[in-house]
Amino acid sequence: MKKRIIWSVALIALVAILAACLVACNSYKWKSIGGGDANAEAQSNGGYFVRQGKYAYFINGYAGTDADGSNEWGDAVVQSIVRAELDDKGDVKNDTVKVVVPKFIYNSNVNGGFAIYGKWIYYATPNYRKGNTGTASTTDTDFMRTTIDGSVTQLIARIGTRSSQYMFTKNRILYYDANTIRYIDVSGMSNSKSTDKGKGAKEGVLVENVASFAWKYGCDTIFYVRTLTGENSYKHYNELCAINVDGSAQRTLATEDTFLDEGEKPENAIQKVYSYTLRDMYVEQDGSVTIYYAKSYYDSAAKVMGLFMANVKAADNSLKGVTEQQLNTLENASSTSALIYPLGKDKGALAYDNNNMYRYYKANATEGALKVTEASQKIWFVDGDKAYYTAASSATTLLCIDYTQKSTAAVVMTEGIKVDWLALEFVPTYDGQGKLTRLDFYFFATDDENYVHNIDIVTFKDNNTDGEDGERVGSAYLGFAREEKEEEEATA
């Protein structure tokens with residue numbers, strides 16, 4: 001591997017802030033760091049890097065899974081949430097980095113992370129409370145929020161798992177546990193006072209008997225498959241449903257008789273009675289949603305038909321009459337394109353085949369699917385016709401390929417990339433005409449103790465010499481290490 005160039009950065013003096021804030025457990029006292037842009041829309045919610053206006057918020061490296069069994073307010077530096085200013089080019093100004101959430105951020109789900117809405121940062125953090133036996137919890141998670149200047153922090157609720165898939169919305173936290181999507185509504189909480197009691201938060205069940213589901217940041221609709229219970233539990237179908245995040249507009253899009261002709265009975269038309277498994281969803285520019293799902297029918301055994309997609313509008317209350325496209329014809333139920341990257345109704349999807357290779361399954365295809373990658377790769381981001389991917393584990397290279405034609409992948413960057421925690425972050429910037437002017441790639445660098453690094457793919461050159469015309473060479477190191485913070489304290 002080539003020698004990576006680490007940019008020198010000047011660390012800010014954190015002593016005044018940190019010394020005032022190492023306080024008793026759960027007091028949530030933290031000196032305001034000022035600034036922030038609550039009126040700007042957040043970009044890239046749900047991961048480990050969020051951009052809001054002229055500020056960047058990110059998880060400051062990866063230390064592990066349990067914070068050494070301690071997660072007191074004010075202690076965390078590595079794997080805390082920090083904030084930095086962005087310069088006019090969009091680069092992080094590393095000498096402006098400040099801790100805004102001094103808590104250890106962790107959830108094992110690949111779709112974990114944090115989100116920002118207005119002035120609030122929402123996040124999940126492990127709770128190591130000791131029970132009657134004196135043993136620290138290994139499962140509890142606290143959902144919390146902190147203002148973007150760090151001045152107010154609130155405990156919202158506690159759940160008994162660190163692996164649940166969750167999503168933050170403006171007024172609700174949604175999480176999936178034991179075949180149930182639950183919600184925690186924060187609209188009744190104080191907007192200006194810290195609390196460790198969850199005062200004003202309301203918990204409830206959104207939907208039950210959930211076999212699979214799909215949701216996306218920025219979309220108000222959740223799609224899910226409901227299993228049958230009670231007197232119908234023996235039947236060989238399930239129901240494809242939708243509901244808004246606030247609990248409104250619940251509807252059943254497909255059930256036992258959705259595709260039957262008038263007067264037709266299910267037992268006489270078994271190839272029209274389906275079971276569904278949701279795979280993913282894609283939010284179109286017009287606000288409609290293209291959902292991706294595996295579909296099967298039962299004829300003495302489950303007959304898997306393959307991967308399908310359908311474009312659903314807010315006014316649609318049934319899949320009958322909605323244009324559906326079949327993308328592939330996989331017959332093995334255990335490998336029906338479980339890993340996919342959705343491209344929308346006009347393009348189709350990139351999906352695993354039976355050999356764990358991505359293929360391009362085209363919308364309205366008249367010919368076979370194109371092979372895109374070799375086995376055991378992971379596609380993280382698509383821009384236009386370019387797909388960016390790494391090895392599924394132990395990745396040391398970021399590659400790019402034109403998935404629309406038989407082409408050879410190009411190496412974008414060679415460096416250790418942590419791919420076994422949260423999804424890799426790609427944050428695009430477009431000009432007024434929709435042209436991509438910058439594509440920021442943020443990652444935990446495994447050859448630098450898992451601290452966050454960044455490149456702009458548009459101008460990046462992966463070599464050991466100086467770039468031409470000011471082009472960046474090597475990845476930029478962001479944030480700061482615990483040792484660097486302690487050195488600042490000692491010399492201040």
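**A tour of three loop residues**

Start by selecting Ser44, in the loop between strand 1 (42-43) and strand 2 (49-52). The model is predicted. Look at the backbone of Ser44: phi is near 75°, a positive value in a residue other than glycine. With a relative accessible area of 22%, Ser44 is partly exposed, because buried would mean under 20%.

Next, select Lys103. Strand 5 (92-101) comes before the loop that holds this residue, and strand 6 (115-117) comes after. Is Lys103 buried or exposed? Lys103 is buried, yet it has no salt bridge. Show Asp142 as well: this is the nearest side chain of opposite charge, and it is 5.2 Å away from Lys103. A salt bridge needs the side-chain nitrogen within 4 Å of a carboxyl oxygen, so this pair does not qualify.

Which backbone atom lies 2.9 Å from a polar atom of the Lys103 side chain? Select Asn71; the atom is its backbone oxygen.

Now display the surroundings of Lys103. Leaving aside residues up to four places away in sequence, Lys103 touches Asn71, Trp73, Ala76, Gln79, Ser80 and Ile81, and also Tyr123, Thr125 and Met144. Asn71 thus appears both in this set and as the owner of the backbone oxygen just visited.

For the last stop, go to Ala249. Its loop runs between strand 16 (239-244) and strand 17 (251-254). Ala249 is not a glycine, but its phi is positive, at about 55°. The relative accessibility of Ala249 is 42%, which counts as partly exposed, because exposed would mean over 50%.

Definitions and conventions: Residues are numbered from 1 along each chain as its sequence is written. This is a predicted model: local features need pLDDT of at least 70, side-chain atom pairs count only at pLDDT 80 or more; totals for chains, interfaces and linings use all residues. Side-chain values use heavy atoms; hydrogens and water are left out. Helices (H or I, at least four residues) and strands (E, at least two) are DSSP runs, numbered from the N terminus. Buried means under 20% relative accessible area, exposed over 50%, partly exposed in between (1.4 Å probe, protein chains only). Lys and Arg count as positive and Asp and Glu as negative; His and the chain ends are not counted. A polar contact is a pair of N or O atoms within 3.5 Å; within protein, one must be able to donate a hydrogen and the other to accept it, and residues adjacent in sequence count only if both atoms are side-chain atoms. Contact means heavy atoms within 4.5 Å.
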